[in-house]
Amino acid sequence: MAKMKRMLPTPTPETQHFWDGAQNSKLLLQRCDDCSNTYFPPRPFCPKCASRKVSIFEASGKGFLLSYVINTRPQPISDTPYAIAVVELDEGPRMMTNIVECEQTPEALPLDMKLEVTFEKQNDDITLPLFKPAGA
Amino acid sequence: MKQNSVAVVGAAETTDLGKIPGMSQIMLHADAALNAMEEAGLKPSDIDGVATAGEWPTAIAHYLGITPKWVDGTLVGGCSFMMHVRHAAAAINEGLCETVLITHGESGRSRVGVPPRGMETSSLAGQFEVPFGVMGPPSMFTIPVLRYLKEYDLTVEDLATVSVIQREWAAKNPRASFKDPLTIDDVLGSSMIAWPFTKLMCCLVTDGGGAIILTSAERAKDFPQKPVYILGTGESVETPMISQMEDMCSSKAFKVSGAKAFEEAGISHDEVDHLMIYDAFAHLPLYGLEDLGFCKPGEAAAFIRERNTAPGGKLPLNTTGGGLSYMHSGMYGMYALQESIRQMRGTAAAQIEGAKISVSHGVGGMFGASGTVIFTNEA
């Protein structure tokens with residue numbers, strides 16, 4: 001089966017900084033200047049206290065494998081089964097991702113495995129943050 | 001809401017369930033609505049409130065020849081109909097309308113008269129989930145489960161057991177899509193969809209519809225069917241993104257909706273005779289039993305394994321066979337409500353003798369939303 005095309009994000013004014021950061025190999029999060037809440041996905045206000053005073057900062061890119069499935073149905077991003085995972089970042093927020101530089105098997109993907117971000121360029125506008133086993 | 005102030009006076013599914021290639025989606029709504037109106041002895045001119053999901057209420061009202069004074073188009077996925085019941089009960093109590101028709105119809109399998117599916121890429125889910133290769137609910141709704149299994153030291157056999165026991169209920173149901181007995185090995189050996197989920201841990205994809213008619217309890221006494229009263233209701237939403245649910249082992253929307261419904265109903269869990277928990281996948285009954293408070297966190301798998309929810313058990317659960325074996329058109333909540341109503345009327349295929357209270361609990365999206373309705377047949 002021919003590989004289908006990965007659906008790529010369409011950035012909005014509120015998320016453009018995140019995608020610009022990814023193009024520069026930076027994983028950007030936001031933090032509230034009033035209540036210190038760190039959050040994701042991006043929005044120009046704090047979802048905890050509603051303050052509009054928020055700052056963008058570069059995350060460590062480190063986290064752990066919280067949960068995942070190995071998709072074997074029609075596969076838009078790979079010819080073989082691949083993990084769709086949720087990583088919990090050291091800063092707290094969680095994000096969906098794929099795990100790369102690693103076999104896509106239950107044995108190779110134990111929960112709580114330490115992960116670090118890596119960036120995969122898709123086209124001139126979009127680079128996706130993916131994760132790999134720490135130190136890989 | 002006020003307990004027992006509103007009652008179901010009409011409830012029906014489409015004449016057929018399963019494969020219905022001869023009806024477009026809007027006709028599935030209408031077929032169920034006509035069946036419900038017939039058993040209630042009502043004409044379109046007798047209905048003054050319309051609620052639906054999946055089609056515009058405007059389209060349903062016009063198609064059926066109804067001129068409503070009250071409309072609800074709440075669309076939050078498969079539990080939308082639980083919310084419609086709740087909103088309709090409030091509207092009837094407030095005097096906004098007298099007789100509400102709630103409809104569902106979905107050509108989930110045949111896809112007749114259904115807009116084409118498309119993925120959008122600018123919402124938060126479109127930007128931060130879709131690019132990672134998600135392919136609908138089987139590869140998304142299932143993501144939290146490995147964490148749940150690890151947290152409570154459970155196995156894939158525990159998931160498979162849910163499918164096996166619900167098939168026992170389906171065997172009692174002539175309208176169920178699948179009735180043949182299953183073993184745990186059958187479930188684990190069926191084709192892999194998204195590890196750890198095999199095909200038999202995932203719901204069916206079928207065609208069908210359902211409709212419910214509600215009016216005040218006072219007026220309900222004059223209708224031909226035995227009234228089924230609304231005892232308590234709840235609703236909530238959490239997030240449209242499975243990756244952002246607060247706790248991978250529990251649904252916040254389930255907890256808020258369930259607690260509110262039990263509070264309104266003023267009942268304890270041991271008073272519940274019959275339970276429906278929307279089972280799009282085999283883990284839903286586990287989360288539902290725990291988040292509704294029937295089991296402590298992590299104990300639902302053992303509760304099911306020990307046959308408490310099986311035929312003959314103390315808490316009959318998903319007595320049609322559920323979304324895993326009975327039918328699942330896409331927004332299954334309507335069928336959970338229909339079975340609760342049948343159980344309260346005493347007309348279910350797998351009737352629980354003497355049942356007086358039934359809880360119908362729905363999910364919308366992927367742990368995104370929840371609605372709960374508690375029914376009773378005692379005025």
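B:N318 is buried, with 27 other C-beta atoms within 10 Å of its own. That is a good place to start a walk through this predicted model. The residue sits in the loop between α11 (300-305) and α12 (322-325) of chain B. Although B:N318 is not a glycine, its phi is positive, at about 55 degrees.

Chain A offers a useful counterpart. A:S36 lies in the loop between β1 (28-32) and β2 of chain A, and its phi is near 70 degrees, again a positive value in a residue other than glycine. Is A:S36 buried or exposed? A:S36 counts as exposed, because it has 10 C-beta neighbours inside 10 Å, and the cut-off for exposed is 12 or fewer.

**Helix α1 of chain A**

A third positive phi, about 55 degrees, belongs to A:S25, just after α1(A). This helix spans residues 16-23, and its buried residues are A:F18, A:W19, A:G21 and A:A22. They cover an arc of only 155 degrees around the axis, so they lie on the same side of α1(A). What do these buried residues pack against? Their partners are β1, β7 (114-121) and β8 (127-133) of chain A.

**Cis peptide bonds**

Two cis peptide bonds are worth finding on your screen, one in each chain.

| Cis bond | Omega | Place of the proline |
|---|---|---|
| A:F40 to A:P41 | about 0 degrees | loop between β2 (38-39) and β3 (54-58) of chain A |
| B:W195 to B:P196 | near 10 degrees | loop between β5 and β6 (197-198) of chain B |

**Where the chains meet**

B:W195, which precedes the cis bond in chain B, also turns up where the two chains touch: B:W195 in β5(B) is the bridge partner of A:I70. Strand β4 of chain A, residues 62-71, is joined to β5(B) by two bridges, and these strands run antiparallel.

How many residues does the contact take from each chain? It takes 30 residues from chain B and 32 residues from chain A. On the chain B side, the elements giving two or more residues are α4 (124-128), α5 (145-151) and β5 (192-195). By class, that side of chain B has 18 nonpolar, nine polar and three charged residues.

To follow the contact by eye, you could begin at the A:I70 and B:W195 pair, then look along chain B to α4 and α5, which also give residues to the side touching chain A.

Conventions: Residues are numbered from 1 along each chain as its sequence is written. Chains are lettered from A and ligands numbered from 1 in the order in which they are written. This is a predicted model: local features need pLDDT of at least 70, side-chain atom pairs count only at pLDDT 80 or more; totals for chains, interfaces and linings use all residues. Two residues are in contact if their C-beta atoms, placed from the backbone, lie within 7 Å. Helices (H or I, at least four residues) and strands (E, at least two) are DSSP runs, numbered from the N terminus. Ala, Val, Leu, Ile, Met, Phe, Trp, Tyr, Cys and Pro count as nonpolar, Asp, Glu, Lys and Arg as charged, and the others, Gly among them, as polar. Two strands pair if DSSP finds at least two bridges between them. A residue is buried if 20 or more other C-beta atoms lie within 10 Å of its own, exposed if 12 or fewer, and partly exposed in between; C-beta atoms are placed from the backbone. The arc is that of the directions from the helix axis to the C-beta atoms.
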